[in-house]
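Here are my notes on the model, written as numbered points. Please read them with the structure open.

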2 protein chains.
Amino acid sequence: MPEPELDQIRQLLKSGGLRVTTPRTTVLQALLAAAGPVTQEQIAQALGKKAPNKVTIYRTLEAFIEADLVHRAFLKDRTWYFEPAHRCSQEQCHPHFSCTRCGRTDCLTEMKMPMAPPVAGYIVQHQRVQLEGLCPRCKAPLHSSAVDIPKTG
Amino acid sequence: MPEPELDQIRQLLKSGGLRVTTPRTTVLQALLAAAGPVTQEQIAQALGKKAPNKVTIYRTLEAFIEADLVHRAFLKDRTWYFEPAHRCSQEQCHPHFSCTRCGRTDCLTEMKMPMAPPVAGYIVQHQRVQLEGLCPRCKAPLHSSAVDIPKTG
DNA sequence: GCCGATGTGCAACTGAGTTGCAAGACAAAT
DNA sequence: ATTTGTCTTGCAACTCAGTTGCACATCGGC
Ligand SMILES: [Zn+2]
Ligand SMILES: [Zn+2]
Ligand SMILES: [Zn+2]
Ligand SMILES: [Zn+2]
């Protein structure tokens, strides 16, 4: 992933009313380059030597969330996964699918999940859907060549 | 909550292939007496002086889950909420509603949430729905008498 | 370039949940 | 009722994502 539009990143930050700093540009870059939701640790790993301090990454993510650039996608094994906020409506984010075999979690950005029916007395502002089952990689593994079980998705 | 059928509790444990012990009966009692999902801490608090050791409560809950008496309802603020497994189908548990104002979480046991449409390549075995918004207690508080904001739901 | 407002790094902390192990309680067999 | 092997419990110490306080560095408007 060769520098995805470094100036656009700066632009994004400014549009969110955020000061442009090195940690913020690199963290945002990592988020945009990632295939799906990522943890603080995964961001740090992806940035390797250039990674800011752990605390800074958390505070940066917090600032991004405040500015609606990023949101918390889901909690898994007691750790948060973050992802860019595009492709999410106010009412509901796309569903996320966790494979019970390989542990990976995919964004089902295509799926149109119906909103919950109204419930007397409640005002539903946001809906979050998590699905579990077998992912394409693990479903009916041809022959014996299954999938190397990775740590995270 | 005056001893909800102590013998039935023993029966439940045995039916799950579990040994009958004091910690198990009291913890199961607390779970059944609770209005909704509860944390380890809330169980301990509800049992007060009679509460078993924290580790024992966790291991007890684990055993209950194994025996399908209890399940993990949802993760909130990095802590698990547990509830009895009745009222849950294999395919999906009832949705849970978290109020963004008072922080309470309610079981929407009545709500019939449609299952996610099939996605090419995936096998969906379980669906979990979390809703957020305003609960009846916080929605349009008449006059100024809102709700005392509690710590947890 | 200067300076107040923001952002960053470090070390120490928090708190839910886990692990290893010795001591205790259950229940099946005698 | 006593024995006996197995499963449970409690304690202390640990883990690990995330947070906090504070001194120092950086940003960007002037
Ligand atoms: Zn898989
Ligand atoms: Zn996603
Ligand atoms: Zn409320
Ligand atoms: Zn529930």
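1. How far does a polar side-chain atom of A:T21 lie from a phosphate oxygen of DNA strand C? The distance is 2.6 Å. Keep in mind that this is a predicted model.

2. Two arginines of chain A also make polar contacts with the strand. In A:R19, an N or O atom of the side chain is 2.6 Å from a sugar or linking oxygen of DNA strand C. In A:R24, a polar side-chain atom is 2.9 Å from a phosphate oxygen of DNA strand C. Two or more residues of the surface near the strand come from each of these elements: α2 (22-33) and α4 (54-66) of chain A, and α4 (54-66) and β2 of chain B.

3. Around DNA strand C there are 22 residues, and those that come nearest are A:R19, A:T21, A:T56, A:R59 and B:Y58. Sorted by class, the surface near the strand has nine charged, seven nonpolar and six polar residues.

4. Which parts of DNA strand C have atoms within 4 Å of the protein? Sugar or phosphate accounts for 62% of these atoms, and bases for the rest.

5. The zinc ion (ligand 4) has protein donors from chain B: B:E83 (OE, listed twice), B:H94 (NE2), B:H96 (NE2) and B:C107 (SG). They lie 1.9 to 2.5 Å from the ion. Along the chain, the donors follow the spacing E-x10-H-x1-H-x10-C. B:E83 is in strand β2 (residues 79-84) and B:H96 in strand β3 (residues 96-99) of chain B, so this pair ties together parts 13 residues apart in sequence. Both B:E83 and B:H96 are buried.

Technical notes. Residues numbered from 1 in each chain as written. Chains lettered and ligands numbered in written order. Predicted model: local features only at pLDDT ≥ 70, side-chain atom pairs only at ≥ 80, totals over all residues. Heavy atoms only, no water. Donors = N, O, S within 2.8 Å, 3.2 Å for Na, K, Ca; no water. Helix = DSSP H or I, 4+ residues; strand = E, 2+ residues; numbered from the N terminus. Buried < 20%, exposed > 50% of the residue type's maximum accessible area, 1.4 Å probe, protein only. Near = heavy atom within 4 Å. Polar contact = N/O pair within 3.5 Å; in protein donor to acceptor, adjacent residues only side chain to side chain. Nonpolar A, V, L, I, M, F, W, Y, C, P; charged D, E, K, R; others polar.
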